[in-house]
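Dear colleague,

Here is the structure I promised to pass on to you. Please open it beside this message, since the notes below are meant to be read with the model in view.

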Amino acid sequence: PRRDVELAAAAKSAAGAEVEIMIDAGLGYVADARTAIDVAREYEQLGIYWLEEPFEPDEYEAYAELADTVDLRVTAGEQDVTWWGFRELIDRAHVDVVQPDVTRCGGITETIRIAELARSRGIETVPHAWKSGIIKAASLHCNAVMADGIWQEYCVADTPINTSLTVQRLPIEADGCVAVPTAPGLGVDLDEDVLESLRIDG
C-alpha cells in the first residue's frame, strides 16, 4: 500500500495539475476494505480522480465499506457480464462509476442498458476498453450515444493485437479526443495478415 501511494504521488507530480490520474488497483486489495480506505484517503490528498477495481468482483461488502467511507470515486465492473451484476455493484456495492466491457457484458445494446441503469441511479459509466482496436471502436460508439459519457479508456499497449489488428488506428487527436469511426458496422476493418499471424490452431 505504501508503494501504491508513492507511485500515485509520482504520477500526479509528473502529470501536473491539468491531468487527471486514475489508479487501477487490479483487484490488489482482494477484500481488505481497511487497507483500501487508508490508501484512498491518501489518494484524496493527492487529488487522484478515482480508484478502480480495488477488490475482487463480488466483494460487495468491501466495496460498499470503501465507497461509503471515502470521497474518492470508486469504480468497478470490467469483470461483470450481466445487467444484474451491475445492479448489484450499484445498489449493494455503492460504486461511483461502473465500467462495463462491451465484449463481456453482452455487446453494445447491453452496455447502453447498463449505462441507462447507472444513470437512473445517479452513477456514471465509463466503458472498459482494453486490448484491441475492435473494442476501442465499439466503446467509442457506446460513448457517442450515452447521455453522460465522460471518458474513453484507450489502450496504449505495444502489442500487435492493439496496434495493428485493425486497419484503422483510431489515433488520439491533439485535443485528447478520439474520433468515432463512421464506416459501416463498428467502422474498422481487420488486417487479415495480422489476423493470420496471430491465429492459433487448436
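Which elements cover the buried residues of helix 5? Before the reply, please keep in mind that this is a predicted model. What covers the buried residues of helix 5 includes helix 4, strand 4, strand 5 and helix 6, the last of these spanning 133-145.

The helix itself deserves a fuller description. Helix 5 has 13 residues, and the distance from its first C-alpha to its last is 18 Å, close to the 18 Å expected at 1.5 Å a residue. Its buried residues are E110, T111, I114, A115, L117 and A118, and because these cover an arc of only 160° around the axis, they lie on the same side of helix 5. As background, an α-helix has 3.6 residues a turn, so residues three or four places apart point the same way. On the face of helix 5 turned away from the buried side you will find the exposed residues T109 and S120. Just after helix 5, G122 takes a positive phi of about 80°.

Turning to the sheet, the model has an open sheet of five strands in the order 1-2-3-4-5, with parallel pairing. Strand 1 (22-24) and strand 5 (124-125) stand at the edges with a single partner strand each, so one side of each is left without a neighbour in the sheet. Strand 5 runs parallel to strand 4 (residues 97-98), and two bridges join them; E124 in strand 5 is the bridge partner of V97.

Next comes the nonpolar core. The largest one has 35 residues, and those with the most contacts inside it are Y43, F55, L66, V95 and V98. Two or more residues each are given to this core by helix 1 (2-15), helix 2 (33-46), helix 3 (60-69), strand 3 (73-76), helix 4 and helix 5, and the largest share, six residues, comes from helix 2. In soluble globular proteins, nonpolar side chains tend to be buried together. If you would like a residue to start from, V95 touches Y63, V74, A76, L89, I90 and I123, when residues up to four places away in sequence are not counted.

A second starting place is A36, which lies in helix 2 and is buried, with a relative accessible area of 0%. Leaving aside residues up to four places away in sequence, A36 touches Y29, F55 and L66. The C-alpha atoms of A36 and T111 are separated by 28 Å, the two residues being 75 residues apart along the chain.

The charged side chains come next. Side chains of opposite charge can pair when their charged atoms come close, and with a cut-off of 4 Å between the side-chain nitrogen and the carboxyl oxygen, the count comes to 10 salt bridges. One of them joins R121 and D91, whose closest N and O atoms are 3.0 Å apart. R121 lies in the loop between helix 5 (108-120) and strand 5, whereas D91 is in helix 4 (residues 83-91), so the pair ties together parts that are 30 residues apart in sequence. R121 is partly exposed at 39% relative accessibility, and D91 is partly exposed at 35%.

Another salt bridge brings together the side chains of R92 and E88, at 2.8 Å from N to O. R92 counts as partly exposed at 39% relative accessibility, and E88 is partly exposed as well, with a relative accessible area of 23%. The side chains of R199 and E196 also meet in a salt bridge, at 3.2 Å from N to O, and R199 counts as partly exposed at 46% relative accessibility. Through salt bridges that share partners, E61, E88 and R92 are joined into one network.

Finally, two backbone details may be worth a look. V30 has a positive phi of about 55° although it is not a glycine; V30 is placed in the loop between strand 1 and helix 2 and is partly exposed, with a relative accessible area of 44%. K131, likewise a residue other than glycine, has a positive phi near 110°, and K131 lies in the loop between strand 5 and helix 6.

With best regards

Definitions and conventions
Residues numbered from 1 in each chain as written. Predicted model: local features only at pLDDT ≥ 70, side-chain atom pairs only at ≥ 80, totals over all residues. Heavy atoms only, no water. Pairing = 2+ DSSP bridges. Helix = DSSP H or I, 4+ residues; strand = E, 2+ residues; numbered from the N terminus. Buried < 20%, exposed > 50% of the residue type's maximum accessible area, 1.4 Å probe, protein only. Expected span 1.5 Å × (residues − 1). Arc of directions from axis to C-beta. Contact = heavy atoms within 4.5 Å. Core = buried A, V, L, I, M, F, W, Y, C linked by side-chain atoms within 4.5 Å.
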